[in-house]
Amino acid sequence: MPSKQAGEEGPRSFGVIIARTVSTTERPLDALRLAKAMRSQGRKVGIFLVADGVYIAKKGRTEVAGILSQMMADGVKVYVSPEHIKAAGYSIDRLIPGIEIAEETYRDLVTFVMEEYEKVIIC
Amino acid sequence: MVKKDKGKTLTIILTRGPYISDYADVAINTAFQARRMGYKVNVFLYLDGVWCAHIKNDKEFNNPGEWLRWCIKKGASVAACHRCTAARDLEESNIIEGVEIGGVYRLLDMLKESDKVLTFMG
């Protein structure tokens, strides 16, 4: 659970778009650690997985699957792009439980950026 | 069709070229969708991102150049860094019509008017 209330400084809500996977770079893990820290300060946090980022949404005994599951248990929303899952060639029954599938990838992504989260980063 | 003006501006900075990662595809599709939804949209092509403006012909596969043309047609402002284009021998005659070649002051203008900025880089 979040240990503190959102501070007066910094964004009240924080979104992360992940477009890369952990087999090629540390960036997704770094972004998740940052998002986790934001959540621990009581901020609203959301994650949107697109492109190669959808690979980290797969079930399994991986570090990243464990972090995502824990973050969702702490109230973080995680969305995934259906068209990129299809392109990656795996079925939705292999997603980590709790991850929400976007209805329309780019419409939902724009709403995520423009309306739902105050600050959004991409990795 | 572009929906009613939402009164907010999104600026997208793209530093990666096409066909090397999904960044160009995701960046330009996001710009296009945001414009369709009624947001004011700026796209600044920087470093290898300027190559997206060089894709003028049709392709049988993903075509970020075509999507960039759609963005311009829908009213997005698209600019390419002056120095980055010059370094790659890109000029108005060999890039997509409607892409403005501008300096970083143009980027500053875009940033100043933005509600949100997305930077696709690295």
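In the predicted model, helix H4 of chain A carries a set of buried residues comprising Thr105(A), Tyr106(A), Leu109(A), Val110(A), Phe112(A) and Val113(A). These residues lie on the same side of H4(A), because the arc that they cover around the axis is only 155°. H4(A), which runs over residues 105-116, is also an element of the contact between the two chains, in that H4 and E5 of chain A each supply at least two residues of the side of chain A that touches chain B.

In that contact, 12 residues of chain A meet 15 residues of chain B. The contribution of H4(A) to the side of chain A that touches chain B is the greatest, at six residues. By residue class, this side of chain A consists of 10 nonpolar and two charged residues, with no polar ones.

Strand E5 of chain A, formed by residues 119-122, has two faces that differ in their surroundings: Val120(A) and Ile122(A) make up the covered face, whereas Lys119(A) and Ile121(A) make up the uncovered one. Of the residues on the covered face, Ile122(A) stands opposite Ile17(A), within a parallel pairing of E5(A) with strand E1 (residues 13-18) of chain A that extends over four bridges. E1(A) also pairs in the parallel sense with strand E2 (residues 44-49) of chain A, here over six bridges, and in this pairing Phe14(A) has Val45(A) as its bridge partner in E2(A).

These pairings belong to an open sheet of five strands in chain A, ordered E4-E3-E2-E1-E5 and paired in parallel. At its edges are strand E4 (100-101) and E5 of chain A, each of which pairs on one side only. In general terms, the strands of a sheet pair through backbone hydrogen bonds, in either a parallel or an antiparallel arrangement.

Taken as a whole, chain A contains four helices and five strands, which follow one another along the sequence in the pattern β-α-β-α-β-α-β-α-β. The radius of gyration of chain A is 14 Å, close to the 14 Å that the globule rule gives for 123 residues, and chain A is therefore as compact as a globular protein of that length. The C-alpha trace of chain A spans about 45 × 30 × 25 Å along its principal axes. Of the 123 residues in chain A, 38% are buried. Among the contacts in chain A with a separation of 6 or more, 75% are between residues 24 or more positions apart.

Within strand E2 of chain A, Lys44(A) is partly exposed, since 18 other C-beta atoms lie within 10 Å, a count below the 20 or more at which a residue is taken as buried. When residues up to four places away in sequence are not counted, Lys44(A) touches Arg12(A) and Ser13(A). Lys86(A), which is 42 residues from Lys44(A) in sequence, lies 29 Å from it in space, C-alpha to C-alpha.

In chain B, strand E2 (residues 40-45) is largely enclosed by the rest of the structure, because five of its six residues are buried. Six bridges connect E2(B) to strand E1 (residues 9-14) of chain B, and the two strands run parallel; within this pairing, Leu10(B) is matched with Val41(B) as its bridge partner in E2(B).

The largest nonpolar core comprises 72 residues, and the residues with the most contacts inside it are Leu49(A), Leu14(B), Ala31(B), Val43(B) and Leu45(B). Helix H1 (residues 23-36) of chain B provides the largest share of this core, namely eight residues. In soluble globular proteins, nonpolar side chains tend to be buried together. For Ala31(B), with neighbours within four places in sequence left aside, the residues in contact are Ile12(B), Val41(B), Val43(B), Cys71(B) and Ala76(B).

A contrasting environment is found at Ser93(B), which lies in the loop between helix H3 (82-87) and strand E4 (100-102) of chain B. Ser93(B) is exposed, given that 5 other C-beta atoms lie within 10 Å, and a residue with 12 or fewer is classed as exposed. From Ser93(B) to Lys56(B) the separation is 37 residues in sequence and 11 Å in space, C-alpha to C-alpha.

Notes:
Residues numbered from 1 in each chain as written. Chains lettered and ligands numbered in written order. Predicted model: local features only at pLDDT ≥ 70, side-chain atom pairs only at ≥ 80, totals over all residues. Core = buried A, V, L, I, M, F, W, Y, C linked by C-beta atoms within 7 Å. Contact = placed C-beta atoms within 7 Å. Pairing = 2+ DSSP bridges. Nonpolar A, V, L, I, M, F, W, Y, C, P; charged D, E, K, R; others polar. Arc of directions from axis to C-beta. Rg over C-alpha atoms; globule rule 2.2 N^0.38 Å.
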